[in-house]
Structure formats: structure tokens, C-alpha cells
Amino acid sequence: MYAIVRAGGRQEKVSVGDVLTIDKVEVQAGDTVELAPVLLVDGSAVTTDADALGKIKVTAEVLGATKGPKIIIQKYKNKTGYKKRQGHRQPLTQVKITAIDA
């Protein structure tokens with residue numbers, strides 16, 4: 001059984017035991033988080049109805065905080081001597097899917 005959940009502005013395909021990296025969530029490591037299901041596939045049965053999906057819970061355990069890859073932002077204007085360099089690392093959270101209760 002797997003579910004497609006909304007996590008951090010994206011949709012991710014998850015099943016029990018998967019480790020997932022989502023946008024930062026303000027919880028401590030070891031706590032649980034509920035993810036909103038968008039679609040559920042259980043064998044040959046596919047659930048997309050909003051009322052049925054409201055009864056389904058996808059729970060995940062927070063493993064810890066992490067950071068994304070370093071992104072370099074460079075701006076340059078020709079013949080003016082203007083150069084600007086900036087870096088960014090997106091804060092992320094790693095979660096492990098513990099249960100899909102249908």
C-alpha cells in the first residue's frame with residue numbers, strides 16, 4: 001500500500017518505512033507529524049474521494065533537521081564593475097513514514 005501525500009509544497013509518493021526529506025517543520029526529533037493524503041492506493045483499489053481521504057491518516061516520525069545543497073547566486077553587470085555573490089542552503093526536515101491508517 002502506498003499513498004501520495006502533500007508535504008512541504010510538493011506531492012510525494014510514500015509507503016511505510018520510507019525516509020522522506022520535506023521543508024522545515026518546527027518539531028523536535030522523535031516527535032510525530034501527520035501528512036495530508038492526496039491519493040491512496042491499496043492493491044487494486046484507488047481512493048481519491050475527499051470524504052474518504054479525510055478519514056485516512058499518514059503519520060511520520062521526525063528523524064532530524066538537515067540542509068539542502070548549496071546554491072550559488074551570482075549577479076553581474078557588464079562594464080560597470082558590479083558583481084554580487086550570495087549562497088543559500090534550504091533548511092529541511094527528514095521524516096520516516098511509520099503508518100498509513102486507512
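Good morning. I begin with one residue: lysine 79 is exposed, with a relative accessible area of 80%. Three classes are used here: buried means under 20% relative accessible area, exposed over 50%, and partly exposed in between, with a 1.4 Å probe and protein chains only. Lysine 79 sits in the loop between strand S7 (71-77) and strand S8 (82-88). Although lysine 79 is not a glycine, its phi is positive, about 65°.

Before going further, a word on the model. It is predicted, so local features need pLDDT of at least 70 and side-chain atom pairs count only at pLDDT 80 or more, while totals for chains, interfaces and linings use all residues. Residues are numbered from 1 along each chain as its sequence is written, and side-chain values use heavy atoms, with hydrogens and water left out.

Let me turn to the chain as a whole. One helix and nine strands make up its elements; helices (H or I, at least four residues) and strands (E, at least two) are DSSP runs, numbered from the N terminus. Read from the N terminus, their order is β-β-β-β-β-α-β-β-β-β.

What does the C-alpha trace span along its principal axes? The spans are about 65 × 30 × 20 Å. The radius of gyration is 19 Å, whereas a compact globule of 102 residues would have one near 13 Å. That radius is taken over C-alpha atoms, and the globule rule is 2.2 Å times the number of residues to the power 0.38.

Of the 102 residues in the chain, 26% are buried. The accessible surface comes to about 7,000 Å², and carbon and sulfur atoms account for 47% of that area. These areas come from the Shrake-Rupley method with a 1.4 Å probe; for residues, only the protein chains shown count as cover. As for contacts, meaning heavy atoms within 4.5 Å, consider those between residues at least 6 apart in sequence: 65% of them join residues at least 24 apart.

Next, the interior. In soluble globular proteins, nonpolar side chains tend to be buried together. Here the largest nonpolar core has 17 residues, and Leu35, Val58 and Ile97 have the most contacts inside it. Two or more residues of this core come from each of strand S1 (2-7), strand S3 (19-23), strand S4 (32-42), strand S6 (57-67) and S9. A nonpolar core is a set of buried Ala, Val, Leu, Ile, Met, Phe, Trp, Tyr and Cys residues joined through side-chain atoms within 4.5 Å.

Leaving aside residues up to four places away in sequence, valine 58 has contacts that include Ala3, Val5, Val14, Leu35 and Ile97. Threonine 59 lies in strand S6 and is buried, with a relative accessible area of 17%. With the same sequence neighbours left out, threonine 59 touches Val33, Glu34, Lys96, Ile97, Thr98 and Ala99.

Is threonine 93 buried or exposed? Threonine 93 counts as buried because its relative accessibility is 2%. This residue belongs to strand S9 (residues 91-101). A polar atom of the threonine 93 side chain lies 3.1 Å from the backbone nitrogen of valine 25. Beyond residues up to four places away in sequence, threonine 93 touches, among others, Leu20, Asp23, Lys24, Val62 and Gly64.

I now come to charged residues. Side chains of opposite charge can pair when their charged atoms come close. How many salt bridges does the structure hold? There are three salt bridges, each being a side-chain nitrogen of Lys or Arg within 4 Å of a carboxyl oxygen of Asp or Glu.

One salt bridge joins the side chains of glutamate 12 and arginine 10, at 3.3 Å, N to O. Another joins arginine 10 and aspartate 23, at 3.8 Å, N to O. Arginine 10 lies in strand S2 (residues 10-14) and aspartate 23 in strand S3, so this pair ties together parts that are 13 residues apart in sequence. Both residues are partly exposed: arginine 10 at 37% relative accessibility and aspartate 23 at 28%. Through shared partners, salt bridges join Arg10, Glu12 and Asp23 into one network.

A further salt bridge brings together the side chains of glutamate 26 and lysine 24, at 3.5 Å, N to O. Glutamate 26 is exposed, at 69% relative accessibility. Lysine 24 is placed in the loop between S3 and S4. Not counting residues up to four places away in sequence, lysine 24 touches Pro91, Leu92 and Thr93. Finally, lysine 24 and aspartate 49 are 25 residues apart in sequence, and their C-alpha atoms are 29 Å apart in space.

Thank you for your attention.

Conventions
A polar contact is a pair of N or O atoms within 3.5 Å; within protein, one must be able to donate a hydrogen and the other to accept it, and residues adjacent in sequence count only if both atoms are side-chain atoms.
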